[in-house]
Amino acid sequence: MDGGGRGNEDGSASGVSKPEEPEVTVETMIEDVLNIVSRLFVVSNSKNVLQVGLSGLVYVLQEYPMLLPSYVAILLGQSPDLRRRLLDEGGERQRRSYVHGNATNMYEETCLAEVWPHLDIAKTLALQLEAMQLPKLEEEHLEVLAASLPFFFEDEEADEWLHIFEKVKHHLFNSLVDPQLHVLSAQIIKKFWACGADMLATKSREASRSTFCEALSRLYQQPAVHVEEASMLVFMRELRHFNEDLHAEVDALLDAFNEEFPDEYKASQLESILKD
């Protein structure tokens, strides 16, 4: 008997056949890349690496919304100077170097607000703020929220933006009487109240009148720990002079405040706004 291995008809050696290689598809390649991103794009990683990731991944957020929660969390966690470089719409874009280990590389920072899906970013931020149940917002929250607002609100998205506003309005008006957060919160409130989408503007004003009154009451009950009254008067005059709708809204707001908090109103300079 021949002790040698029996060959195949084509002359190749017999034996166990090799398993077929799995087919490489676009979907599996994308899945592999997303797995790599999920391992590297985490809050605990190097701030320089994350800055590069924030600049690059912003272009695919609309296509891959599963990245949004970690993207917003990482942006909030960046140091103020790094975060503001990405959010500054007036800043000059430039190539920057970053060091990771022994390697130095170049990358170009992106102005995020020019690229990202505004509504998706705002929704994600509002959901995260709701889940965190913070007693108050910090500057980074307002910076990202302000940058998430589009230049123009689309009418077909008005309901969704109104839902976001209602989720954050208590935080916004608490921040309005905070000395450090007054300017940013005032910009965001005005963006909603004075926007060109009429339904959104009207309903956001209606939804926040009582919240605004409560915030004003805290300002006058504890003036030492809140923003100066002069800053609030400037903001309210600016709103009142913007257009006829806001003129009427501010007047109605002052009437409501006078009715609900007469002592605070009497001690204030709010009546001077009506004389302008």
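## Burial and overall make-up

A residue is called buried when its relative accessible area is under 20%, exposed when that area is over 50%, and partly exposed in between. The model described here is predicted. By the first of these cut-offs, 41% of the 276 residues in the protein chain are buried.

The secondary structure consists of 13 helices and two strands. Among the contacts in the chain with a separation of 6 or more, 66% join residues that are 24 or more positions apart. The chain exposes about 15,900 Å², and carbon and sulfur atoms account for 50% of that area.

## The nonpolar core

In soluble globular proteins, nonpolar side chains tend to be buried together. In this chain the largest nonpolar core has 75 residues, and Tyr71, Trp116, Phe212, Met232 and Met236 are the members with the most contacts inside the core. Helix 7, covering residues 158-176, gives the most to this core, with nine residues.

Met236 shows what surrounds one of these members. With neighbours within four places in sequence left aside, Met236 is in contact with Phe212, Leu216, Val250, Leu253, Leu254, Leu270 and Ile273. Of these partners, Phe212 is itself listed among the core residues with the most contacts, while Val250, Leu253 and Leu254 are buried residues of helix 11.

## Helix 11

Helix 11 runs over residues 244-260 and has 17 residues. From its first C-alpha to its last it reaches 24 Å, close to the 24 Å expected at 1.5 Å a residue. At the N-terminal end, Asn243 acts as a cap: one of its side-chain oxygens lies 3.1 Å from the backbone nitrogen of Asp245.

The buried residues of this helix are Leu246, Glu249, Val250, Asp251, Leu253, Leu254 and Phe257. An α-helix has 3.6 residues a turn, so residues three or four places apart point the same way. The buried set includes the charged-residue names Glu249 and Asp251 beside Leu246 and Val250. These buried residues pack against helix 8 (182-193), helix 9 (198-221), helix 10 (229-240), helix 12 (262-266) and helix 13 (271-274).

## Aromatic pairs

A pair of aromatic rings is described by the distance of the centres and the angle of the planes. The chain has twelve aromatic pairs. One of them, Trp161 with Phe192, is edge-to-face, at 6.5 Å centre to centre and 65° between the planes. The pair links distant parts of the chain, with Trp161 in helix 7 and Phe192 in helix 8, 31 residues apart. Trp161 is buried at a relative accessible area of 0%, and Phe192 is buried at 1%.

A second pair is formed by Tyr220 and Phe257: the ring centres are 6.2 Å apart and the planes stand at 45°, so the pair is tilted. Tyr220 belongs to helix 9 and Phe257 to helix 11, so this pair ties together parts that are 37 residues apart in sequence. Phe257 has 0% relative accessibility and counts as buried. Tyr220, with a relative accessible area of 15%, is also buried, because the cut-off is under 20%. Ring pairs also link Phe153, Trp161, Phe165 and Phe192 into a cluster.

## Three loop residues

Gln78 sits in the loop between helix 3 (68-77) and helix 4 (80-87). This residue is buried, with a relative accessible area of 2%. The side chain of Gln78 makes a polar contact of 2.8 Å with the side chain of Gln51. Not counting residues up to four places away in sequence, Gln78 touches Lys47, Leu50, Gln51, Leu54 and Arg83.

Gln133 is in the loop between helix 5 (118-132) and helix 6 (139-148). Its phi is near 50°, a positive value in a residue other than glycine. Gln133 counts as exposed because its relative accessibility is 67%, and exposed means over 50%.

Glu89 lies in the loop between helix 4 and strand 1 (95-100) and, at 53% relative accessibility, also counts as exposed. Glu89 still has contacts from elsewhere in the chain: with residues up to four places away in sequence not counted, it touches Cys111, Ala113 and Glu114. Glu89 and Ala147 are 58 residues apart in sequence, and their C-alpha atoms are 8.7 Å apart in space.

Key
Residues are numbered from 1 along each chain as its sequence is written. This is a predicted model: local features need pLDDT of at least 70, side-chain atom pairs count only at pLDDT 80 or more; totals for chains, interfaces and linings use all residues. Side-chain values use heavy atoms; hydrogens and water are left out. Helices (H or I, at least four residues) and strands (E, at least two) are DSSP runs, numbered from the N terminus. Buried means under 20% relative accessible area, exposed over 50%, partly exposed in between (1.4 Å probe, protein chains only). Contact means heavy atoms within 4.5 Å. Accessible areas come from the Shrake-Rupley method with a 1.4 Å probe; for residues, only the protein chains shown count as cover. The expected span of a helix is 1.5 Å times one less than its number of residues. A polar contact is a pair of N or O atoms within 3.5 Å; within protein, one must be able to donate a hydrogen and the other to accept it, and residues adjacent in sequence count only if both atoms are side-chain atoms. A nonpolar core is a set of buried Ala, Val, Leu, Ile, Met, Phe, Trp, Tyr and Cys residues joined through side-chain atoms within 4.5 Å. Rings of Phe, Tyr and Trp (its six-membered ring) pair if their centres lie within 6.5 Å; planes under 30 degrees apart count as stacked, over 60 as edge-to-face and the rest as tilted.
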